[in-house]
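Please look through the structure below before reading on, and keep it in view while you follow the report. The text turns to pockets, then to the overall build, and then to the core.

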Amino acid sequence: MLNRRPIAAFALATALLMAAPAAQAHDESKYPDWSGQWRRPPGVGIQWDPSKPLGPPEQPPLTAEYQKIFEASLADQKAGGQGGDPTYTCIPPGMPRAMTVVFPMDIIILPEATYIIIEYSNQVRRIYTDGRDFPKEFEPAFLGYSIGKWVDEDGDGKYDVLEVETRNMKGPRSFDASGLPLHVDNDTVIKERIYLDKSNRDLLIDEVTTFDKALTRPWTVTKRYVRETKNVMWFEYNCTENNRHVQIGKDNYYVSADGFLMPVRKGQAPPDLKYFKEGAQ
């Protein structure tokens, strides 16, 4: 009978030898430790610029045209509408808004890509670090297409900073829940520098710069996240579950507790039911 044990041992040894170059290429000690659960610091809201309150106090550098759009969004929200915030229909917030981290995020570092898993709307960012260029043709996505580069800033042989550029996003998107707008052409470019605070290794910093035609200049804000490692709990968040918002045409309505459409603004006209026969039950 054929002795299978030496054959199996030879096959395993061959596989290990073939995998050795890849294993050597991925030296985990060169990469920073970004494990754990990352959250917004206590007391920080969901505004895009965490250093200022939500809305006009953020002082976004908008063009005159997009300042008017922003003001219209705020007025609509004050009247009970959703304004320019498109996420009430449960579409993902996309970039750069995803990095506000409404709910916690997890970061997985591999040599070919860094994965940022964001609990809100089940978003997964893939930041490719394998040396590729942006594809000439690629279907737009809310999170866009991200290419990163690891940098050893202090020359100690270990990576300190992940520099990221994100392009090819689709809309509609806004910076935050105020409806702070991005340009409708979706030709946004996002550049980030992500790194651990040197004095506190449980503080992650993301310097985010947005280039967009709705802005008069590139806009940089600094996001911070604190690490939780003890008794970490992850929860599934599905926006569509129990979401009672209904968009009909360009208008928003709400399904009441008794199952009927109700207006969200004072004096709001009823929806056009032209495809239903008048008086039909």
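In sorting residues by character, Ala, Val, Leu, Ile, Met, Phe, Trp, Tyr, Cys and Pro count as nonpolar, Asp, Glu, Lys and Arg count as charged, and the others, Gly among them, count as polar. With these groups in mind, the lining of the second largest pocket in this predicted model divides into 7 nonpolar residues, 1 polar residue and 9 charged residues. The lining of the largest pocket, by the same grouping, is made of 10 nonpolar, 12 polar and 6 charged residues. The table sets out the two pockets.

| Pocket | Volume | Lining residues | Element giving the most to the lining |
|---|---|---|---|
| Largest pocket | about 570 Å³ | 28 residues | helix 2, 5 residues |
| Second largest pocket | about 220 Å³ | 17 residues | strand 7, 3 residues |

In the largest pocket, which holds about 570 Å³ of space, the lining residues closest to the centre are Gly-83, Gly-84, Asp-85, Pro-86 and Pro-172. Helix 2, which spans 64–78, and strand 11, which spans 251–255, each supply at least two residues of that lining. In the second largest pocket, with about 220 Å³ of space, the residues closest to the centre are Tyr-159, Asp-160, Leu-196, Lys-198 and Arg-201.

The protein as a whole has 2 helices and 12 strands, and from the N terminus on its elements begin α-β-α, after which the remaining elements of the run are β. Of its 281 residues, 37% count as buried, while the protein exposes about 16900 Å², of which carbon and sulfur atoms supply 55%. Among contacts between residues at least 6 apart in sequence, 54% join residues that are at least 24 apart.

Which residues of the largest nonpolar core touch the most other members? Of the 36 residues in this core, they are Trp-34, Trp-38, Met-105, Ile-107 and Leu-204. Several elements each supply at least two residues of the core, including helix 2, strand 2 (105–109), strand 7 and strand 8 (200–211).

Trp-38 offers a way to trace how parts of the sequence meet. Leaving aside its neighbours within four places in sequence, Trp-38 is in contact with residues that include Met-105, Ile-107 and Leu-204. Leu-196 and Arg-201 are also among the contacts of Trp-38, and both Leu-196 and Arg-201 are listed with the residues closest to the centre of the second largest pocket.

Technical notes. Residues are numbered from 1 along each chain as its sequence is written. This is a predicted model: local features need pLDDT of at least 70, side-chain atom pairs count only at pLDDT 80 or more; totals for chains, interfaces and linings use all residues. Side-chain values use heavy atoms; hydrogens and water are left out. On a 1 Å grid over the protein atoms alone, a cavity is a set of points where a 1.4 Å probe fits but cannot get out, and a pocket is an open set with protein on both sides within 12 Å along at least five of seven lines; lining residues have an atom within 4 Å of a point. Grid points are joined across faces, edges and corners, and a volume is the space filled by probe spheres set on the points. Helices (H or I, at least four residues) and strands (E, at least two) are DSSP runs, numbered from the N terminus. Buried means under 20% relative accessible area, exposed over 50%, partly exposed in between (1.4 Å probe, protein chains only). Contact means heavy atoms within 4.5 Å. Accessible areas come from the Shrake-Rupley method with a 1.4 Å probe; for residues, only the protein chains shown count as cover. A nonpolar core is a set of buried Ala, Val, Leu, Ile, Met, Phe, Trp, Tyr and Cys residues joined through side-chain atoms within 4.5 Å.
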